[in-house]
Number of protein chains: 2
Amino acid sequence: MTIINNTKPKEEVKLTNEELMHWYIEHIELFLSDYIKDDDKDTKRLSEAMRYSLLAGGKRIRPVLALDFYKIASGGLDCSHRVMSYAMAVELIHTYSLIHDDLPCMDDDDLRRGLPTNHTVFGEATALLAGDALLTEAFTLLADTATGRPHESEATVKAITYLSKCAGYRGMCGGQELDLKFETAVEPPSEETILKMYGKKTSDLLSAACAIGCIAAKRYDLVDEAAAFGKNLGLAFQITDDILDVVGDEQKLGKPIGSDEENDKYTYLKAVGIEKAKEMAAFYLEEAKRSIARFNNNEFLYWLCDKILERDH
Amino acid sequence: MTIINNTKPKEEVKLTNEELMHWYIEHIELFLSDYIKDDDKDTKRLSEAMRYSLLAGGKRIRPVLALDFYKIASGGLDCSHRVMSYAMAVELIHTYSLIHDDLPCMDDDDLRRGLPTNHTVFGEATALLAGDALLTEAFTLLADTATGRPHESEATVKAITYLSKCAGYRGMCGGQELDLKFETAVEPPSEETILKMYGKKTSDLLSAACAIGCIAAKRYDLVDEAAAFGKNLGLAFQITDDILDVVGDEQKLGKPIGSDEENDKYTYLKAVGIEKAKEMAAFYLEEAKRSIARFNNNEFLYWLCDKILERDH
């Protein structure tokens, strides 16, 4: 496949799902390899901390979703800087949330994807700032999609509105707060409340990733269905994560086995048992597929859904 | 003065500087009193933590600057929701930075403006999230200035670009990192490096406040001068803060006297001595005034500059 180095192939080549995934990942890593550099010796440690977590691997599922929804909505592959910026803004938010989530006052994790967590390497204070700065940079990146292109401003503003709401106190941050509440709860939370927490903590940002691809393509009419896909995928993803935490092994996950169990965390799995958890993970995947049933060229997303249940990292 | 309850007086009344300050503060507090409410019992503790710090007093100097630069740039007083949103976005960023700055891994302060700090009341994890959520909400608030008003999108995007850059890793967060670096420095930092830290940590957000007022008024031609005012004011402000830390008293400042000294922090005062520090604070104030010398109706800002050197809280 020689197509990888072009940002917008003139002739559409029919790629397999694996090739398309490879194309997306390649462009994502290429974008990141040259991103957030600060030569100022006085402050460059902060940018190094930001880059450390940005480049510490990960499945890149959020930018992949954004890029594929852009492709579906616009009818063509495009990994130009403008389109990549929409997709990567979501990855910046995701990365900041992992750094802050790993801090001693939150989950206090030493390992993330098999590597030392940000604060383990750079110290708590710099890790805190790296998270803050990545969150801030997500909006710089989005706003820059309209720099020198005033006609792009409306789409840019819609993307910022969508992403900031999904990431804020009614979205992802609210989900983190609810998760904290579970830790001190006397009564185990209901199934419904656990799903609500997953919805905010995980699904909202996945919804934003899907929606933002449509917004970048200015297909605002597709945003609701794309977001519904992300919402359901998030629930399937999170329930699967609970299951993997119990049945997986440390090497595959890159984090200590049973860490949720040790922390006495309430999970959906714990509330309903493994059989129902597997059943509901499959149910939400089907719901996700149904959300985008009317979209053309949805094969890649269908394929990605199926990968979720068999993911090993 | 009956003018206070109107958002846009039809007949311009000549207000004194004190009355104008009162008008701004009144509208700022009014805006905040009804802002960030979450009735969801599962997550409302987060919004309470956000409100706690937003409503914990403070001089509101950043939104006041934004509102006055809007007034100068547009030629009229306006405290409509749109203009207030620009101004308050800067205050949200300022408030988040204080919450994170007070955390145990940063300055570990128990008191802020005479009240227990956010993490003292809500715990470290919720305080961390409250900061994250306030930072995120600043961009929701800005983006909403163009919701249903696509013709406003260009100004909105410019404001988001400006604010996010000033708050990010090359701006305020970079200043915090530099401040951290001082703590472990073997050699005392140079005068120049201390001023660079103040410039990033304090001036950049003040510059953004001034610039954003001009952007809200779509007077992009005034942004550079407004930002230069903010930059110089920030340096004067920070040097004055060093001086107050030594000569002030605990009750007036609402924080333990000599806290910078105890932490062995490097300050400009420590580097140059009190006489030169006073002289340079006055110098930067004069520079600030010079930056806006060609603006009409700059009396309020001149008055505000002079208040800086005599502020007692």
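These legends introduce close-up views of a predicted model, taken one at a time.

**View 1. Chains A and B, related by a half turn.** Let us begin with the pair of chains. A turn of 180 degrees, with a shift of 0.0 Å along the axis, lays chain B on chain A with an RMSD of 0.0 Å. The two copies are thus related as by a two-fold rotation axis. To find that axis in chain B, look for Ser153(B): its C-alpha is the nearest one, 2.7 Å away. Both copies use the same surface, since 100% of the contact residues of chain B recur in chain A.

**View 2. The side of chain B that touches chain A.** Here we turn to the contact between the chains, to which chain B and chain A each bring 49 residues. On chain B, at least two residues come from each of the helices α2 (44–54), α6 (124–143), α7 (153–167), α8 (172–183) and α9 (191–216). With 13 residues, α6(B) gives the most to this side. Sorted by class, the side of chain B that touches chain A holds 21 nonpolar, 15 polar and 13 charged residues.

**View 3. Helices α7 and α9 of chain A.** The axes of α7 (residues 153–167) and α9 (residues 191–216) in chain A come within 9 Å and cross at roughly 175 degrees. An angle over 145 degrees counts as roughly antiparallel, and α7(A) and α9(A) are therefore roughly antiparallel to each other. On the α7(A) side, the residues making the contact include Ala155(A), Ala159(A), Tyr162(A) and Leu163(A); on the α9(A) side, they include Asp204(A), Ala208(A), Ile212(A) and Ile215(A). By class, this contact of α7(A) with α9(A) has 12 nonpolar, one polar and two charged residues.

**View 4. The buried residues of helix α8 in chain A.** Follow α8 (residues 172–184) of chain A and you will meet several buried residues, among them Met172(A), Cys173(A), Gly174(A), Leu178(A) and Leu180(A). Both chains help to cover the buried residues of α8(A): the cover includes α4 (81–102), α7 and α9 of chain A, together with α2 and α6 of chain B.

**View 5. Ile212(B) and the largest nonpolar core.** The last stop is the largest nonpolar core, with 194 residues. Leu163(A), Ile212(A), Leu163(B) and Ile212(B) are the residues with the most contacts inside this core. Leaving aside residues up to four places away in sequence, Ile212(B) touches Ala66(B), Tyr86(B), Val90(B), Ala159(B), Tyr162(B) and Leu163(B). In soluble globular proteins, nonpolar side chains tend to be buried together.

Definitions and conventions:
Residues numbered from 1 in each chain as written. Chains lettered and ligands numbered in written order. Predicted model: local features only at pLDDT ≥ 70, side-chain atom pairs only at ≥ 80, totals over all residues. Core = buried A, V, L, I, M, F, W, Y, C linked by C-beta atoms within 7 Å. Buried ≥ 20, exposed ≤ 12 C-beta atoms within 10 Å, placed from the backbone. Contact = placed C-beta atoms within 7 Å. Least-squares fit on C-alpha atoms with pLDDT ≥ 70 in both. Helix = DSSP H or I, 4+ residues; strand = E, 2+ residues; numbered from the N terminus. Nonpolar A, V, L, I, M, F, W, Y, C, P; charged D, E, K, R; others polar. Axes fitted to C-alpha atoms, helices over the stretch in contact; angles between N-to-C directions. Parallel < 35°, antiparallel > 145°, perpendicular 65-115°, else oblique.
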